[in-house]
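Thank you all for coming. I would like to walk you through one structure this morning, slowly enough that someone who has never seen it can follow along on the screen.

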Amino acid sequence: MPDIKLGYRVRLRSGGPLMTVHSISGDNIDCQWFTLKGELRSSTFPSYMLTVIEGAAADAG
C-alpha cells in the first residue's frame, strides 16, 4: 500500500464512501467526504483501517 498523503482519496477497508485525506497526525488520518445529501462530514481513522483508491495517489500530485 502506498503511503497515505494529503489529498489522497481513500476508503475504509470495510467499505463506505470515498473520502479525501484532510490532515495527518502520526498514524491518525483525518478524512472528509460528502453524504448523498451533500453534507460535509469528517472523521479520524487509524491508517491501518484505510486503503488508497487505485489511481488516486497519482491524481493528488
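**One sheet and its core**

The protein chain has a secondary structure of one helix and five strands, and I should say at once that what we are looking at is a predicted model. Starting from the N terminus, the elements come in the order β-β-β-β-β-α.

Let us take the sheet to begin with. The five strands make an open sheet whose order is 4-3-2-1-5, with antiparallel pairing. At its edges lie strand 4, residues 40–46, and strand 5, residues 50–52, each of which pairs on one side only. From one strand to the next, the twist averages 45°. As a general reminder, the strands of a sheet pair through backbone hydrogen bonds, and they may do so in a parallel or an antiparallel way.

Now to the individual pairings, beginning with strand 1. Strand 1 and strand 2 run antiparallel and are joined by two bridges, and here Arg 9 has Thr 20 of strand 2 as its bridge partner. The hairpin that these two strands form has six residues between the strands, and within that hairpin Gly 15 takes a positive phi near 110°. Strand 1 is also joined to strand 5, again antiparallel, by three bridges, and Val 10 has Val 52 as its bridge partner there.

Moving across to strand 3, residues 28–34, we find that it pairs with strand 4 in the antiparallel sense over seven bridges. Along this pairing, Cys 31 has Ser 43 as its bridge partner, while Gln 32 stands opposite Ser 42. The hairpin of strand 3 and strand 4 has five residues between the strands, and in it Gly 38 takes a positive phi near 85°.

Which side chains of strand 1 are buried, and which are not? In a regular strand the side chains alternate between the two faces of the sheet. Strand 1 shows this alternation, with Val 10 and Leu 12 pointing to one face, where they are buried, and Arg 9 and Arg 11 pointing to the other, where they are not.

That brings me to the interior. The largest nonpolar core has 12 residues, and among them are Val 10 and Leu 12, together with Ile 4, Val 21, Trp 33 and Phe 45. Strand 1, strand 2, strand 3 and strand 5 each supply at least two residues of this core, and strand 3 gives the most, with three residues. If you follow Val 21 in particular, and leave aside residues up to four places away in sequence, you will see that it touches Ile 4, Lys 5, Leu 6, Gly 7, Tyr 8, Val 10, Ile 29 and Asp 30.

For the chain as a whole, 26% of the 61 residues count as buried. The exposed area comes to about 4,100 Å², with carbon and sulfur atoms supplying 51% of it.

Let me finish with charge. The structure holds one salt bridge, which is formed by Glu 39 and Arg 41, with the closest N and O atoms 3.2 Å apart. Are these two residues buried or exposed? Glu 39 has a relative accessible area of 35%, so it is partly exposed, and Arg 41, at 38% relative accessibility, likewise counts as partly exposed.

Definitions and conventions
Residues are numbered from 1 along each chain as its sequence is written. This is a predicted model: local features need pLDDT of at least 70, side-chain atom pairs count only at pLDDT 80 or more; totals for chains, interfaces and linings use all residues. Side-chain values use heavy atoms; hydrogens and water are left out. Two strands pair if DSSP finds at least two bridges between them. Helices (H or I, at least four residues) and strands (E, at least two) are DSSP runs, numbered from the N terminus. Axes are lines fitted to C-alpha atoms, for helices over the stretch in contact, and angles run from 0 to 180 degrees between N-to-C directions. A nonpolar core is a set of buried Ala, Val, Leu, Ile, Met, Phe, Trp, Tyr and Cys residues joined through side-chain atoms within 4.5 Å. Buried means under 20% relative accessible area, exposed over 50%, partly exposed in between (1.4 Å probe, protein chains only). Contact means heavy atoms within 4.5 Å. Accessible areas come from the Shrake-Rupley method with a 1.4 Å probe; for residues, only the protein chains shown count as cover. A salt bridge is a side-chain nitrogen of Lys or Arg within 4 Å of a carboxyl oxygen of Asp or Glu.
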